[in-house]
Amino acid sequence: MPFIHYLCSQKSVVMKEKRIEVVAAVIVHGGRVLATQRGYGDMKDGWEFPGGKIEAGETPEEALRREIREELKMVIEVRQLIGTVEWDYPRFHLTMHCYWCGVEGGRLTLLEHEAARWLAREELDSVDWLPADRLILGKVGAGLETPPA
């Protein structure tokens with residue numbers, strides 16, 4: 001639930017904001033980056049970098065490998081942190097840690113997404129990104145120009 005501040009008869013009531021912490025994989029293969037289209041929930045049809053929630057006891061890197069294996073049947077190498085995005089959606093606050101990743105194995109299979117596209121740098125604006133994912137596009141585009149080690 002979003003942060004809400006009510007004024008009632010000179011009394012202030014504050015409700016806690018729902019916070020979600022996730023990891024996102026910016027998977028690069030052949031000079032292109034993987035974008036996936038959500039297939040469920042409030043943000044259905046929006047495009048995102050795949051990933052998900054960090055479970056108790058997991059490192060962000062472990063969570064990312066697990067989520068990509070579960071959602072896309074791919075094995076990835078988690079390389080380095082690109083950055084962390086903070087975004088307020090209407091119903092929650094999102095903290096999203098974005099990592100450069102490479103493909104180690106598996107065949108891309110969509111288990112939770114409607115569609116996927118491998119995008120070149122000049123194609124990054126060709127899909128309707130979710131707002132939080134849009135914030136990291138500048139760094140992704142720059143990284144595709146000079147790929148991370």
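This passage describes the nonpolar cores, the largest pocket, the salt bridges and selected backbone features of a predicted model.

The interior of the model was examined in terms of its nonpolar cores. The largest nonpolar core comprises 27 residues, of which Val33, Phe49, Leu94, Met96, Leu124, Trp129 and Val140 touch the most other members. Several elements contribute to this core: strand E3 (19-29), strand E4 (32-38), strand E7 (74-88), strand E8 (93-106) and helix H3 (137-145) each supply at least two residues. The greatest contribution to this core is that of E3, with 5 residues. Apart from the largest core lies another core, of 13 residues, which includes Ile27, Ala63, Val78 and Tyr99. The surroundings of Val140 show how one of the highly connected members of the largest core is placed. When neighbours within four places in sequence are set aside, Val140 is in contact with Val26, Val33, Phe49, Trp100 and Leu124.

Contacts between parts of the chain that are separated in sequence were also found around Ala115. This residue belongs to strand E9 (residues 113-119). Ala115 is separated from Gln37 by 78 residues in sequence, yet the two C-alpha atoms are 5.1 Å apart in space. Not counting residues up to four places away in sequence, Ala115 touches Ala35, Thr36, Gln37, Trp47 and Leu110.

The largest pocket was considered next. Its space amounts to about 620 Å³. The lining consists of 27 residues, and those closest to the centre of the pocket are Ile20, Arg38, Met43, Phe92 and Leu94. At least two lining residues come from each of E3, strand E6 (51-53), helix H1 (60-72) and E8. With 4 residues, E3 gives the most to the lining, just as E3 gives the most to the largest nonpolar core. By residue class, the lining of the largest pocket divides into 14 nonpolar, 4 polar and 9 charged residues.

Charged pairs form a further set of features. Side chains of opposite charge can pair when their charged atoms come close. In the model, the count comes to 12 salt bridges. One of these joins Arg32 and Glu123, with the closest N and O atoms 2.7 Å apart. This pair links distant parts of the chain, since Arg32 lies in strand E4 and Glu123 in the loop between E9 and helix H2 (131-134), 91 residues apart. Arg32 is partly exposed, at 33% relative accessibility, and Glu123 is likewise partly exposed, with a relative accessible area of 26%.

A salt bridge is also formed by Asp42 and Arg91, whose closest N and O atoms are 3.3 Å apart. Asp42 is located in the loop between E4 and strand E5 (47-48) and Arg91 in the loop between E7 and E8, so this pair ties together parts that are 49 residues apart in sequence. Asp42 has a relative accessibility of 67% and therefore counts as exposed. Arg91 also counts as exposed, because its relative accessibility of 54% lies over the 50% limit.

Arg66 and Glu58 provide a further salt bridge, in which the closest N and O atoms are 2.6 Å apart. Arg66 is buried, with a relative accessible area of 8%. Glu58 has a relative accessibility of 19% and counts as buried because this value is under the 20% limit. Both residues belong to a network of salt bridges that links Glu55, Glu58, Arg66, Glu67 and Glu70.

Finally, the backbone was inspected for unusual torsion angles. Most residues other than glycine have a negative phi. Asp45, by contrast, has a positive phi, near 80°. Asp45 lies in the loop between E4 and E5 and counts as partly exposed, at 37% relative accessibility. A positive phi, near 55°, is also found for Lys73, a residue other than glycine. Lys73 is situated in the loop between H1 and E7; its relative accessibility of 48% places Lys73 among the partly exposed residues.

Note on methods
Residues numbered from 1 in each chain as written. Predicted model: local features only at pLDDT ≥ 70, side-chain atom pairs only at ≥ 80, totals over all residues. Heavy atoms only, no water. Contact = heavy atoms within 4.5 Å. Core = buried A, V, L, I, M, F, W, Y, C linked by side-chain atoms within 4.5 Å. Buried < 20%, exposed > 50% of the residue type's maximum accessible area, 1.4 Å probe, protein only. 1 Å grid on protein atoms, 1.4 Å probe; cavity = no way out; pocket = protein on both sides within 12 Å on 5 of 7 lines; lining within 4 Å. Points joined across faces, edges and corners; volume = space filled by probe spheres on them. Nonpolar A, V, L, I, M, F, W, Y, C, P; charged D, E, K, R; others polar. Salt bridge = Lys/Arg side-chain N within 4 Å of Asp/Glu carboxyl O.
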